Amino acid sequence: MTKYLEGTNLGFQSEFEVLKVRVTPAPIDQIISFIASTLESGHNGWIATVNPEFIVSARKDPQFLKVLNSADLAVVDGVGVQIALFLLYHIRSPRTPGADIIRDICTLAANKGWPVFFLGAAPGVAEAAARALRAEIPELQVAGTYAGRPIPEEDEHIRQMIKNSGARLLFVAFGMRNQEIWIHRNLPYLGSIVAMGVGGTFDYLSGKVPRAPGLIRKLGLEWFYRLLRQPWRWKRQIALPIFVYLILKELLLFKSNIKKKG
Ligand code: UDP
């Protein structure tokens, strides 16, 4: 059963469970202070950006669920998670998609002089994404870019590359699940660094894939836009109606439990 864990004043200390997945609906300023304090104290940390596809996928995948629930921050990426938090806990959570907050994080990195590494996506895409961000944030130090593959055989090589680059921030675009499992497996060997899984963000930044216009994003319809532009994703997006069904079921169960207790 979904539980209310703690916190009323939303920050990264506030944790909620949505279908067994831990969500920490921190607003952007809390995310930035988490990164700054982690790196200033010489620690490492990682941020997952949770959307309904993550939650539905983790339900049937104990390894992914365990990894996801070990993230230091599991912020709200999709409108579906925002609505679920409202229905289950009556909280208005901020939405902080990876594709948006990457700019705030890069601005912090540029101000602090922390180099950033871009890992994943198709060959050349990470580099183009880094270039696009540097055009917006000229002081950004790009420690390195590499497409790579999320297979254990490549781990040692990628770890060395990141360590030698002096990166303090790491964006990983290996796709949902792969990127979270990669971060969980490799983070302990990367020194003081903050990592974040960013899914298709490099594709957007590089211009390889167009992002939904601002109004469509504001209306929470980015998923629909993606379905129209990338119809082959339907198999993945089937997660959305499943998510709605599961949340409604959870809500009914929750209400009937309250009635029974009353
Ligand atoms: N990707 C990759 N290696 C893989 C699988 C995916 O580099 O083994 C990249 C892919 O090229 C794309 C991104 O992961 O850039 C897509 O991630 P996802 O489908 O999770 O995007 P999201 O839905 O999170 O935006």
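Is Arg177 buried, exposed or partly exposed? Let's start there, since Arg177 is one of the residues I'd like you to find on the screen. Arg177 comes out as partly exposed, because its relative accessible area is 27%, and that falls between the 20% limit for buried and the 50% limit for exposed. Before I go on, a quick reminder that what we have here is a predicted model.

Okay, so where is Arg177? Look in the loop between S8 and H8. The backbone does something worth a look there: phi of Arg177 is near 80 degrees, so we have a positive value in a residue that isn't glycine.

Now stay in that loop and go to Met176. Strand S8, residues 169-173, comes on one side of the loop, and helix H8, residues 178-186, on the other. Met176 counts as buried, because its relative accessibility is 18% and the cut-off for buried is under 20%. If you want a distance for it, take Thr49: the two are 127 residues apart along the chain, yet their C-alpha atoms are separated by 9.6 Å.

Met176 also brings us to the ligand. There are 15 residues around the ligand, and Met176 is among those that come nearest, together with Ala121, Gly200, Asp203 and Arg236. As for the make-up of that shell, six residues are nonpolar, five are polar and four are charged. And which pocket are we in? The ligand sits in the largest one.

Let's go through some polar contacts. With Asp203, an N or O atom of the side chain is 2.8 Å from an oxygen atom of the ligand. With Ala121 it's the backbone: one of its N or O atoms lies 2.9 Å from a ligand oxygen. Then there's Arg233, where a side-chain N or O atom is 3.1 Å from an oxygen atom of the ligand. On the area side, the ligand taken alone exposes 550 Å², and the protein buries 73% of that.

Right, away from the ligand now. Find His90, in the loop between helix H4, residues 79-89, and helix H5, residues 98-112. Here's another positive phi in a non-glycine residue, this time near 60 degrees. His90 is exposed, because its relative accessible area is 63%, and the threshold is over 50%. For a sense of distance, His90 and Ala130 are 40 residues apart in sequence and 38 Å apart in space, C-alpha to C-alpha.

From His90, move into helix H5 and you'll find Ile101. Ile101 is buried, with a relative accessible area of 3%. Its C-alpha atom and that of Val75 are separated by 11 Å, with their positions 26 residues apart along the chain.

Last stop, Ser192. Follow the chain out of H8 and you get to Ser192 in the loop that leads to strand S9, residues 194-197. What does its accessibility say, buried or exposed? Ser192 counts as buried, at 17% relative accessibility. Measure it up against Val125 on your own screens if you like: the pair is 67 residues apart in sequence and 26 Å apart in space, C-alpha to C-alpha.

That's my tour. If you keep one picture, keep the loop between S8 and H8, with partly exposed Arg177 and buried Met176, the latter among the residues nearest the ligand.

Methods. Residues are numbered from 1 along each chain as its sequence is written. This is a predicted model: local features need pLDDT of at least 70, side-chain atom pairs count only at pLDDT 80 or more; totals for chains, interfaces and linings use all residues. Side-chain values use heavy atoms; hydrogens and water are left out. A residue is near a molecule or strand if one of its heavy atoms lies within 4 Å of it. A polar contact is a pair of N or O atoms within 3.5 Å; within protein, one must be able to donate a hydrogen and the other to accept it, and residues adjacent in sequence count only if both atoms are side-chain atoms. Accessible areas come from the Shrake-Rupley method with a 1.4 Å probe; for residues, only the protein chains shown count as cover. On a 1 Å grid over the protein atoms alone, a cavity is a set of points where a 1.4 Å probe fits but cannot get out, and a pocket is an open set with protein on both sides within 12 Å along at least five of seven lines; lining residues have an atom within 4 Å of a point. A molecule sits in a cavity or pocket if more than half of its atoms lie within 2 Å of its grid points. Ala, Val, Leu, Ile, Met, Phe, Trp, Tyr, Cys and Pro count as nonpolar, Asp, Glu, Lys and Arg as charged, and the others, Gly among them, as polar. Helices (H or I, at least four residues) and strands (E, at least two) are DSSP runs, numbered from the N terminus. Buried means under 20% relative accessible area, exposed over 50%, partly exposed in between (1.4 Å probe, protein chains only).
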